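Good morning, everyone. Please have the sequence and the model open in front of you. I will go strand by strand, then turn to a few single residues.

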Amino acid sequence: QVQLAESGGGLVQPGGSLRLSCTASGSTFAFVWMGWYRQTPEKERKLVARMSLSDQIQYSDSAKGRFTISRDNRKNTVSLQMDSLKFEDTAAYYCHAGQYNGGHYDEYWGQGTQVTVSS
């Protein structure tokens, strides 16, 4: 059973930095994509950044230039370095991983870690 364990959320002032980390366990197959999504009570869950097994990276427009995603395929970890944080970055951040298994694509989610940007 695949499980994703997140860490690193918290309270930070505007302009500050946080680093989120996620470790996946219980998988037999490699994760094609690993990344981060975020959600607020008012909005649907949206992509922040994700990285493929072949190091292809996708960022949301709001994350470009401020956030950096990285992953360690041997350890099944993905991290998100968030710099120059803004009030609007406040959200629950969810780790996501996807893999092919027997011809279908399975997706997994962490339980979420709260990031609050406040002065």
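Start with one pair of residues. Leu 4 has a bridge partner in strand 3, and that partner is Ala 24. Keep in mind that this is a predicted model.

Now widen the view. Strand 1 and strand 3 are joined by five bridges, and they pair in the antiparallel sense. What do the side chains do along strand 1? They alternate. Leu 4 and Glu 6 point to one face, and these two are buried. Gln 3, Ala 5 and Ser 7 point to the other face and are not buried.

Next, the sheet that strand 1 belongs to. It is an open sheet of four strands. In which order do the strands come? The order is 1-3-8-7, and the pairing is antiparallel. Two strands sit at the edges: strand 1, residues 3-7, and strand 7, residues 67-72. Each of these pairs on one side only. From one strand to the next, the twist averages 15 degrees.

Move along to the middle of that order. Strand 3 covers residues 18-25, and strand 8 covers residues 77-82. How many bridges join strand 3 to strand 8? Six, and the two strands run antiparallel. Find Ser 21 as a landmark. Its bridge partner in strand 8 is Ser 79.

Now the other edge. Strand 7 pairs with strand 8 in the antiparallel sense, over six bridges. Here Phe 67 stands opposite Met 82 in strand 8. The side chains of strand 7 alternate too. Which ones are buried? Phe 67, Ile 69 and Arg 71 are, and they point to one face. Thr 68, Ser 70 and Asp 72 point to the other face and are not buried.

Stay with Asp 72 for a moment. This residue lies in strand 7. Its relative accessible area is 22%, so Asp 72 counts as partly exposed; the cut-off for buried is under 20%. The side chain of Asp 72 reaches the backbone nitrogen of Arg 74 at 3.0 Å. Now compare sequence with space. Asp 72 and Ser 62 are 10 residues apart in sequence. How far apart are they in space? From C-alpha to C-alpha, 24 Å.

On to the turn. Strand 7 and strand 8 form a hairpin, with four residues between the strands. Asn 76 is in that loop. Here is some background. Most residues other than glycine have a negative phi. Asn 76 goes the other way: it is not a glycine, yet it has a positive phi of about 55 degrees. Is Asn 76 buried or exposed? Its relative accessible area is 18%, so Asn 76 is buried.

There is a second case of positive phi. Ser 84 is not a glycine either, and its phi is about 50 degrees. Look for Ser 84 in the loop between strand 8 and strand 9, residues 91-101. Ser 84 is partly exposed, because its relative accessible area is 40%.

Next, an arginine with two contacts to look at. Arg 66 lies in the loop between strand 6, residues 57-59, and strand 7. Its relative accessibility is 11%, so Arg 66 counts as buried. What does its side chain reach? One target is the backbone oxygen of Ser 62, at 2.8 Å. Another is the side chain of Asp 89, through a polar contact of 2.7 Å.

Then a serine. Ser 52 is found in strand 5. Ser 52 is buried, because its relative accessible area is 4%. Its side chain makes a polar contact with the side chain of Ser 54, at 3.1 Å.

Last stop: the largest pocket. It holds about 210 Å³ of space. The lining has 13 residues, and the closest to the centre are Arg 38, Thr 40, Lys 43, Lys 46 and Glu 88. Which elements give two or more residues to the lining? Strand 4, residues 33-39, and strand 5, residues 46-52. Strand 5 gives the most, with three residues. By class, the lining has three nonpolar, five polar and five charged residues.

That is the tour. Thank you.

Definitions and conventions: Residues are numbered from 1 along each chain as its sequence is written. This is a predicted model: local features need pLDDT of at least 70, side-chain atom pairs count only at pLDDT 80 or more; totals for chains, interfaces and linings use all residues. Side-chain values use heavy atoms; hydrogens and water are left out. Two strands pair if DSSP finds at least two bridges between them. Axes are lines fitted to C-alpha atoms, for helices over the stretch in contact, and angles run from 0 to 180 degrees between N-to-C directions. Buried means under 20% relative accessible area, exposed over 50%, partly exposed in between (1.4 Å probe, protein chains only). A polar contact is a pair of N or O atoms within 3.5 Å; within protein, one must be able to donate a hydrogen and the other to accept it, and residues adjacent in sequence count only if both atoms are side-chain atoms. On a 1 Å grid over the protein atoms alone, a cavity is a set of points where a 1.4 Å probe fits but cannot get out, and a pocket is an open set with protein on both sides within 12 Å along at least five of seven lines; lining residues have an atom within 4 Å of a point. Grid points are joined across faces, edges and corners, and a volume is the space filled by probe spheres set on the points. Ala, Val, Leu, Ile, Met, Phe, Trp, Tyr, Cys and Pro count as nonpolar, Asp, Glu, Lys and Arg as charged, and the others, Gly among them, as polar.
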